[in-house]
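Me: I would like to go through a protein structure with you, one topic at a time. Could you show it first?

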Amino acid sequence: MLKCVMSGSQVKVFGKAVQALSRISDELWLDPSKKGLALRCVNSSRSAYGCVLFSPVFFQHYQWSALVKMSENELDTTLNLKCKLGMKSILPIFRCLNSLERNIEKCKIFTRSDKCKVVIQFFYRHGIKRTHNICFQESQPLQVIFDKNVCTNTLMIQPRLLADAIVLFTSSQEEVTLAVTPLNFCLKSSNEESMDLSNAVYSEMFVGSDEFDFFQIGMDTEITFCFKELKGILTFSEATHAPISIYFDFPGKPLALSIDDMLVEANFILATLADESSRASSPQSLCLSQKRKRSDLIKKKAGKNITGQALECISRKAAPRRLYPKETLTNISAVENCGSPAMKRANGDISEVSENSVSNTEEVPGSLCLRKFSCMFFGAVSSDQQEHFNHPFDSLARASDSEEDMNNGSFSIF
Amino acid sequence: MRFRAKIVDGACLNHFTRISNMIAKLAKTCTLRISPDKLNFILCDKLANGGVSMWCELEQENFFNEFQMEGVSAENNEIYLELTSENLSRALKTAQNARALKIKLTNKHFPCLTVSVELLSMSSSSRIVTHDIPIKVIPRKLWKDLQEPVVPDPDVSIYLPVLKTMKSVVEKMKNISNHLVIEANLDGELNLKIETELVCVTTHFKDLGNPPLASESTHQDRNMEHMAEVHIDIRKLLQFLAGQQVNPTKALCMHRICRSGKKTLLFRVETNETSKVSSVLGDETIFL
């Protein structure tokens with residue numbers, strides 16, 4: 001199904017991607033497709049998502065074939081590789097990347113779906129070969145649907161700048177706030193924390209707009225997000241030497257960090273803290289006018305007992321997305337049409353958390369200290385688009401191959 | 001109470017940063033004393049034999065271009081602040097290639113020491129980094145515990161060997177025993193000794209030189225080769241040695257037995273006459 005070959009320097013970039021994703025999650029999906037090999041992961045609280053897509057030209061050799069099977073209603077459904085690897089299995093393989101880069105002649109990765117294994121082989125000089133067999137779990141990869149191009153604020157920076165900023169913050173601080181105005185950029189410690197613990201140092205760094213490769217701010221914004229994942233992204237960007245693009249909007253809407261250098265495209269989507277008072281002008285934020293709350297959108301969408309306000313919020317967020325035409329065509333590859341097991345699996349997840357979501361949303365109005373992130377839309381790759389289209393709140397997947405979206409253009413799916 | 005100071009010189013900033021790193025290695029919390037011509041970092045280790053166990057003095061005019069302070073009152077023109085030393089050293093770490101560093105006392109929600117750094121950057125605009133370090137103001141009634149230790153006339157005082165060498169020796173000794181015996185005499189000889197049931201290891205340093213004694217008379221009749229010894233905790237000594245990042249021009253050790261029989265060891269490290277750090281270790285003789 002999947003077979004690809006890399007050289008030493010390519011392995012280094014691949015390994016760095018794995019290391020960056022390991023900061024987000026303990027599990028990794030290997031998702032090959034016509035577009036290339038994608039590595040995806042999502043963290044346990046569903047507030048951070050990472051995806052690194054290696055295009056076929058990145059590899060020395062890339063071969064992918066999907067199994068096609070006839071389904072009952074005569075629609076060909078192709079099965080993608082539903083491969084989930086534990087980070088503990090794959091991360092040690094890509095250790096000592098510098099020595100790997102120097103010593104290996106080539107690296108082969110291929111799958112053996114009959115045995116549910118991924119095989120990674122390193123070929124050294126003098127005929128030495130190192131083989132790793134990793135068993136994978138069958139699991140449908142999650143994708144995030146996030147439209148970068150409609151974000152009001154876009155920045156492009158050199159990784160060096162972000163690295164300098166990161167040094168300011170201690171590892172004990174979990175969240176940082178990014179504040180932008182059309183003229184400048186400020187990264188600072190999250191206000192929440194420094195008020196609670198009088199021992200914490202509050203730091204901030206102002207950077208002028210001319211230090212950015214691209215600086216477009218539509219509106220003054222302050223967003224707060226988790227800092228831990230940022231470090232992982234940085235190490236990867238240093239490997240690719242490409243600038244980092246940051247796309248964001250108002251507080252509550254996820255933030256996207258992108259690295260795109262023709263061969264590799266990396267996207268890291270992080271949830272941001274929803275803010276209640278200061279964004280009164282922005283219509284979308286009105287719906288979150290209750291106390292700051294972390295809401296897992298998946299949970300919200302699934303649970304039938306969601307508050308009216310939350311429902312409104314989803315619908316408001318949903319509406320604009322649909323209308324925006326997308327330039328980047330999502331090539332509805334066979335990969336995205338999966339059998340219903342995919343949806344069932346996703347549903348399974350939802351139902352088990354719906355109880356939690358109910359209790360969470362009930363708690364929220366009362367408590368000031370419950371801080372929650374709003375999450376992003378997750379799309380499980382699914383085929384039964386028609387039925388989900390009618391019940392948007394049940395579905396995770398945006399209708400990516402339904403007729404309406406084909407006409408409007410489609411969302412970029414990472 | 002007011003305090004504002006500014007450093008523009010790169011070398012001064014570097015030195016100040018290194019001192020701050022050293023303090024951070026020696027103590028988790030320390031006291032910063034600000035007076036019109038000096039800045040002091042004081043560590044009061046109350047668990048030990050009482051009194052100050054580390055005292056660092058910086059002549060303000062050697063570091064700062066601008067220095068203005070207003071103490072608690074006219075008679076007590078000093079400010080005593082307590083802070084977490086690591087916070088300061090980390091804040092200064094970001095000031096590696098700074099154009100200017102400003103420190104001032106502020107009150108943002110709670111009293112802070114604000115460190116503001118103007119960094120050089122590639123483009124025309126400079127980056128401004130600000131750190132607000134929370135502090136606690138120490139009330140006047142506690143000031144008496146934080147005064148400079150009076151250094152009594154020592155019995156023996158000797159210049160130390162190169163601290164790096166001494167540190168590597170002591171580090172190896174740490175694996176064998178928790179207590180170290182330091183012996184020194186007025187002949188420039190210093191011994192570091194550890195003793196256990198199985199083994200006894202001694203490292204001898206010779207020709208170290210002794211600083212001139214304050215009062216010659218009392219020691220005239222003393223045998224120059226007589227070794228004064230004191231037992232100390234190796235870990236405490238290592239802590240002191242590990243913190244030494246500043247290359248000292250003078251490092252010396254003074255040994256004193258006071259009338260009650262209590263022995264103390266005082267280490268003093270000086271750099272170019274601009275900064276002095278004194279660390280006191282008490283004797284911990286074990287009676288076997």
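Reply: What follows covers the contact between two chains, then some strands and loops. The model is predicted, so local features need pLDDT of at least 70, side-chain atom pairs count only at pLDDT 80 or more, and totals for chains, interfaces and linings use all residues. Residues are numbered from 1 along each chain as its sequence is written, chains are lettered from A and ligands numbered from 1 in the order in which they are written, and side-chain values use heavy atoms, with hydrogens and water left out.

Me: How many residues does each chain give to the contact?
Reply: Chain B gives 19 residues and chain A gives 20 residues. Contact means heavy atoms within 4.5 Å.

Me: And what area do they bury between them?
Reply: About 1600 Å² is buried between chain B and chain A, and 52% of it lies on carbon and sulfur atoms. Buried area is the accessible area (1.4 Å probe) that two parts lose on being put together, summed over both.

Me: How many salt bridges are there between chain B and chain A?
Reply: There are two salt bridges between these chains. The term stands for a side-chain nitrogen of Lys or Arg within 4 Å of a carboxyl oxygen of Asp or Glu. One of the pairs in a salt bridge is B:Arg127 with A:Glu211, whose closest N and O atoms are 3.0 Å apart.

Me: Which elements of chain B give two or more residues to the side that touches chain A?
Reply: They are α2 (85-93) and β9 (127-134) of chain B. Helices (H or I, at least four residues) and strands (E, at least two) are DSSP runs, numbered from the N terminus. The largest share of that side, eight residues, comes from β9(B).

Me: What does β9(B) pair with in chain A?
Reply: Strand β17 (residues 202-208) of chain A runs antiparallel to β9(B), and five bridges join them. Two strands pair if DSSP finds at least two bridges between them. Within this pairing, A:Ser203 has B:His131 of β9(B) as its bridge partner.

Me: Changing topic: which residues of strand β5 of chain A are on the covered face?
Reply: In β5(A) (residues 61-64), A:Tyr62 and A:Trp64 form the covered face, whereas A:His61 and A:Gln63 form the uncovered one. In a regular strand the side chains alternate between the two faces of the sheet.

Me: Where does β1 of chain A come in?
Reply: Strand β1 (residues 2-6) of chain A pairs with β5(A) in the antiparallel sense over four bridges. Here A:Leu2 stands opposite A:Trp64.

Me: What about strand β8 of chain A; which strand does β2 of chain A join there?
Reply: Strand β2 (residues 27-33) of chain A is joined to β8 (residues 83-86) of chain A by four bridges, and the two run antiparallel. A:Leu28 stands opposite A:Leu85 of β8(A). β8(A) also pairs with strand β12 (residues 137-138) of chain A, antiparallel and over two bridges.

Me: Now the loops. Is A:Arg46 buried or exposed?
Reply: A:Arg46 is buried, with a relative accessible area of 19%. Buried means under 20% relative accessible area, exposed over 50%, and partly exposed in between (1.4 Å probe, protein chains only). A:Arg46 lies in the loop between β3 (36-42) and β4 (48-54) of chain A, and has a positive phi of about 60 degrees although it is not a glycine.

Me: And A:His126, buried or exposed?
Reply: A:His126 is exposed, with a relative accessible area of 77%. The loop between β10 (117-124) and β11 (129-135) of chain A holds A:His126, and its phi is positive, near 60 degrees.
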